[in-house]
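This report describes a single protein chain through its secondary structure, its packing and its largest pocket. Please keep the sequence and the coordinates at hand while reading.

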Amino acid sequence: MPDSLPPTTRVVVVDDHSIFRSGLKADLDASIEVVGEAHDVDSAVAVITETVPDVVLLDVHLPGAATPASGGADVLRRASPLVPGTRFLALSVSDSAEDVVGVIRAGARGYITKGSSGSDVSSAVRAVAGGDAVFSPRLAGFVLDAFGVVSGETATTTDELDRLSAREQEVMRLIARGYAYKEVASELYISTKTVESHVSAVLRKLQLSSRHELTAWATARKLL
């Protein structure tokens, strides 16, 4: 019986620059299938609802919105209720706090910059498709605003870290920096299942509910 092919992740690319869309498609891994493209808010909503992709790679600044800076958030607000199984990953040249926070609040599962390699974008797409949240490491601090974490909450850091084993602390720092589970597994020479178990334990012990909150928690305590 022949080996089965690896599963593909169906993606729509939304960006107002056709050259960027073409270059990105060429750089993505073979496991990523681009099923549609769009250049503005209206065309994005139409293509997303027609193709129902696994992930939408979404630029933050798009024409067709009240303001160009709100384009990505407008797509999220209009399209996501129509395709509840689709996840959105912001991919932008902008690294401003306002853009990061705005698109996260609108429902994006992550935010990476256009300086990322094709391999990095492909990994991020697969991670988001699998239910993960992914952020470029240097953008992690902006998640603080999105989740209302107070930067002064540092008094109990030592006590909180004492709840975690040494391995859990290693996993916590990598996950909070935006590493995908497979990347953590490779970095620490453990299985992906073991990473998942450690992350569940970390979230439970710290009384957090998501990777977003873990990133905010770690950033507030200057642990990254």
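A residue is called buried when its relative accessible area is under 20%, exposed when that area is over 50%, and partly exposed in between. The model discussed here is predicted. Ser-22 has a relative accessible area of 44%, and it therefore counts as partly exposed. This serine belongs to helix α1, which covers residues 18–27, and its C-alpha lies 9.7 Å from that of Glu-37, a residue 15 positions away in sequence.

## Overall architecture

The protein chain contains eleven helices and six strands, and 50% of its 224 residues count as buried. When contacts between residues at least 6 apart in sequence are considered, 64% of them join residues that are at least 24 apart.

## Two nonpolar cores

The largest nonpolar core consists of 27 residues, and those with the most contacts inside it are Val-14, Ile-48, Leu-58, Val-75 and Phe-88. At least two residues of this core come from each of β1 (9–14), α2 (41–51), β3 (55–58), α3 (71–79), β4 (87–92) and α4 (97–106), with α2 giving the largest share, five residues. A second core, separate from this one, has 22 residues, including Leu-161, Tyr-181, Leu-188 and Leu-206.

Around Val-14, leaving aside residues up to four places away in sequence, the contacts are with Ala-38, Ala-44, Val-56, Leu-57, Leu-58, Asp-59 and Leu-62. Helix α3 is mostly covered, since seven of its nine residues are buried; the buried positions are Gly-71, Gly-72, Ala-73, Asp-74, Val-75, Leu-76 and Ala-79.

## The largest pocket

Rolling a probe the size of a water molecule over the atoms shows where empty space is left. In this model the largest pocket has a volume of about 330 Å³. Its lining is formed by Ser-123, Arg-126, Ala-127, Gly-130, Gly-131, Asp-132, Ala-180, Tyr-181, Lys-182, Glu-183, Thr-192 and Glu-196, and the elements that contribute two or more residues to it are α5 (118–129), α9 (181–188) and α10 (192–206). By residue class, the lining divides into three nonpolar, four polar and five charged residues.

Helix α5 has twelve residues and reaches 16 Å from its first C-alpha to its last, which is close to the 16 Å expected at 1.5 Å a residue. Its buried residues are Gly-118, Val-121, Ser-122, Ser-123, Ala-124, Val-125, Ala-127 and Val-128, and among them Ser-123 and Ala-127 also belong to the lining of the largest pocket. After the helix comes Gly-131, with a positive phi near 100°, and this glycine is likewise a lining residue.

## Helix α8 and a buried glutamate

In helix α8 (residues 166–176), the buried residues are Glu-168, Gln-169, Val-171, Met-172, Leu-174, Ile-175 and Ala-176, and the helix is followed by Gly-178, whose phi is also positive and near 100°. Is Glu-168, a residue of this helix, buried or exposed? Glu-168 is buried, because its relative accessible area is 7%. Beyond residues up to four places away in sequence, Glu-168 touches Arg-163, His-198, Ala-201, Val-202 and Lys-205; the C-alpha of Ala-201, 33 residues away along the chain, is separated from that of Glu-168 by 7.8 Å.

Ala-176, one of the buried residues of α8, can be related to Ala-216, a residue 40 positions away along the chain, by a C-alpha separation of 7.9 Å. Ala-216 is located in helix α11 (residues 211–220), and it counts as buried because its relative accessibility is 0%.

## Positive phi outside glycine

Two residues other than glycine have a positive phi and are set side by side below.

| Residue and phi | Place | Relative accessibility |
|---|---|---|
| Tyr-189, near 60° | loop between α9 and α10 | 76%, exposed |
| Gln-207, about 60° | loop between α10 and α11 | 70%, exposed |

Tyr-189 counts as exposed because its relative accessibility is 76%, and Gln-207 counts as exposed because its value is 70%.

Key: Residues are numbered from 1 along each chain as its sequence is written. This is a predicted model: local features need pLDDT of at least 70, side-chain atom pairs count only at pLDDT 80 or more; totals for chains, interfaces and linings use all residues. Side-chain values use heavy atoms; hydrogens and water are left out. Helices (H or I, at least four residues) and strands (E, at least two) are DSSP runs, numbered from the N terminus. Buried means under 20% relative accessible area, exposed over 50%, partly exposed in between (1.4 Å probe, protein chains only). On a 1 Å grid over the protein atoms alone, a cavity is a set of points where a 1.4 Å probe fits but cannot get out, and a pocket is an open set with protein on both sides within 12 Å along at least five of seven lines; lining residues have an atom within 4 Å of a point. Grid points are joined across faces, edges and corners, and a volume is the space filled by probe spheres set on the points. Ala, Val, Leu, Ile, Met, Phe, Trp, Tyr, Cys and Pro count as nonpolar, Asp, Glu, Lys and Arg as charged, and the others, Gly among them, as polar. The expected span of a helix is 1.5 Å times one less than its number of residues. A nonpolar core is a set of buried Ala, Val, Leu, Ile, Met, Phe, Trp, Tyr and Cys residues joined through side-chain atoms within 4.5 Å. Contact means heavy atoms within 4.5 Å.
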